[in-house]
Amino acid sequence: MSLQRVARASALRRLCLGDASLLQTRVTVVHNQLARLSLASSAQFPTPLVGSVPPIHAQQRSHSYATDSKPTKAKKSAKKPARQLTEKQKEAKEKKESRELLKQLKETALTPPKKLPQTSRAVATQHKLNELKGQSSSRSPVETFKEAVEQVTAQRLAEADRFIEQAEKNRSTNEASYEAWLNQYTPIQIKQANTARKHLRRLGHKKYYGIHDERLVKAPLSPYLWFMKERHESGDFKHLTVKDASMRLSGEWKNLTDAEKQPYFEKAGRDQERYREEYREVYGEDVPMPKSKATSP
């Protein structure tokens with residue numbers, strides 16, 4: 001065989017071997033890519049192989065899961081802060097509370113029966129007032145009342161026997177009706193009514209005077225009040241005004257020694273014991289403890 005044929009045969013053999021190797025390499029690459037695509041599209045293996053690019057449909061599915069899921073609401077750990085009221089709302093709230101308090105105080109205060117005129121002058125004025133109302137209705141109530149008072153004074157009707165007798169009957173009627181009304185309530189109810197009436201007077205309702213009831217327990221006197229009572233009973237201050245007498249008594253009390261004050265403290269102690277016993281007996285409960293005053297730090 002010539003040298004040229006040998007060289008041509010060697011070159012041909014190398015070419016065939018190179019094409020076969022290249023073909024095998026391409027087939028392997030294709031198989032690997034198909035395997036990756038199969039694994040990426042499989043539901044069991046949503047994550048692609050390391051080093052490969054995730055397929056588009058996998059990215060879309062992952063994004064849709066994130067957007068479709070509803071975020072869970074955080075549990076409320078603390079209460080909402082109280083809503084701040086405006087000045088107008090605060091004013092309306094205070095007025096409402098004042099109306100409710102006033103209504104409750106008036107209900108607790110009770111309402112005694114209305115009294116009939118108890119003096120001859122009052123009876124005569126009422127009689128003349130009714131007479132004038134029947135004569136003319138064009139005058140105002142103030143003018144009619146003023147004229148009735150003037151006629152009673154001018155005619156001296158208050159001295160008439162019939163009006164004096166009617167006044168006495170009215171007093172008896174008033175006492176009987178008041179006593180019957182009073183017995184409808186217990187002493188503790190009357191005591192509570194007087195407390196409510198005292199509060200109403202402080203609010204400007206002057207007509208709510210105290211209800212007189214002999215069953216109520218009298219409050220105990222302090223040592224100084226026992227001293228004032230004794231000095232007033234002596235008659236040494238009859239010629240003095242209330243203001244001057246009070247100044248004199250205050251000065252005398254301050255000048256007393258502890259030994260001189262001791263008898264009045266003993267009287268106050270016995271009076272306090274009397275008050276506790278009567279309070280428990282009449283009201284059915286013990287004397288309430290005094291409220292302690294809050295001390296600022």
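## Helix 6 and its two sides

Let's start inside helix 6, where the buried residues are Phe163, Ala167, Asn170, Asn174, Tyr178, Trp181 and Leu182. Around the axis they take up an arc of only 85 degrees, which puts them on the same side of helix 6. Turn to the other side of this helix and you will find Asp161, Arg162, Lys169 and Glu175, which are exposed. Please keep in mind that you are looking at a predicted model.

What lies over the buried residues? Their cover includes helix 4 (120–135) and helix 7 (187–202). The length of helix 6 can be checked too: it has 22 residues, running from 161 to 182, and at 1.5 Å a residue these should span 32 Å. The end C-alpha atoms are 32 Å apart, so the expected span and the model agree.

## Helix 8 and what follows

Helix 8 covers residues 223–233, and its buried residues are Pro223, Phe227, Met228 and Arg231. Looking down the axis of helix 8, you would see these buried residues fall within an arc of 140 degrees, so they line one face of the helix. Their packing partners are helix 9 (242–255) and helix 10 (258–283).

After helix 8 comes Gly235, a residue with a positive phi, near 85 degrees.

## The largest pocket

If you are thinking about cavities and pockets, here is the largest pocket: its volume is about 250 Å³. Its lining is made up of 14 residues, and those that lie nearest the centre are Pro112, Pro113, Lys115, Tyr178 and Tyr209. One of these, Tyr178, is already familiar as a buried residue of helix 6.

How do the lining residues divide into nonpolar, polar and charged? Five are nonpolar, five are polar and four are charged.

## The chain as a whole

Stepping back, the chain holds 10 helices and zero strands. Read from the N terminus on, its elements therefore run α-α-α-α-α-α-α-α-α-α. Of the 297 residues in the chain, 18% count as buried.

Contacts give one more view of the chain. Taking those between residues at least 6 apart in sequence, 65% join residues at least 24 apart.

Methods. Residues numbered from 1 in each chain as written. Predicted model: local features only at pLDDT ≥ 70, side-chain atom pairs only at ≥ 80, totals over all residues. Heavy atoms only, no water. 1 Å grid on protein atoms, 1.4 Å probe; cavity = no way out; pocket = protein on both sides within 12 Å on 5 of 7 lines; lining within 4 Å. Points joined across faces, edges and corners; volume = space filled by probe spheres on them. Nonpolar A, V, L, I, M, F, W, Y, C, P; charged D, E, K, R; others polar. Helix = DSSP H or I, 4+ residues; strand = E, 2+ residues; numbered from the N terminus. Expected span 1.5 Å × (residues − 1). Buried < 20%, exposed > 50% of the residue type's maximum accessible area, 1.4 Å probe, protein only. Arc of directions from axis to C-beta. Contact = heavy atoms within 4.5 Å.
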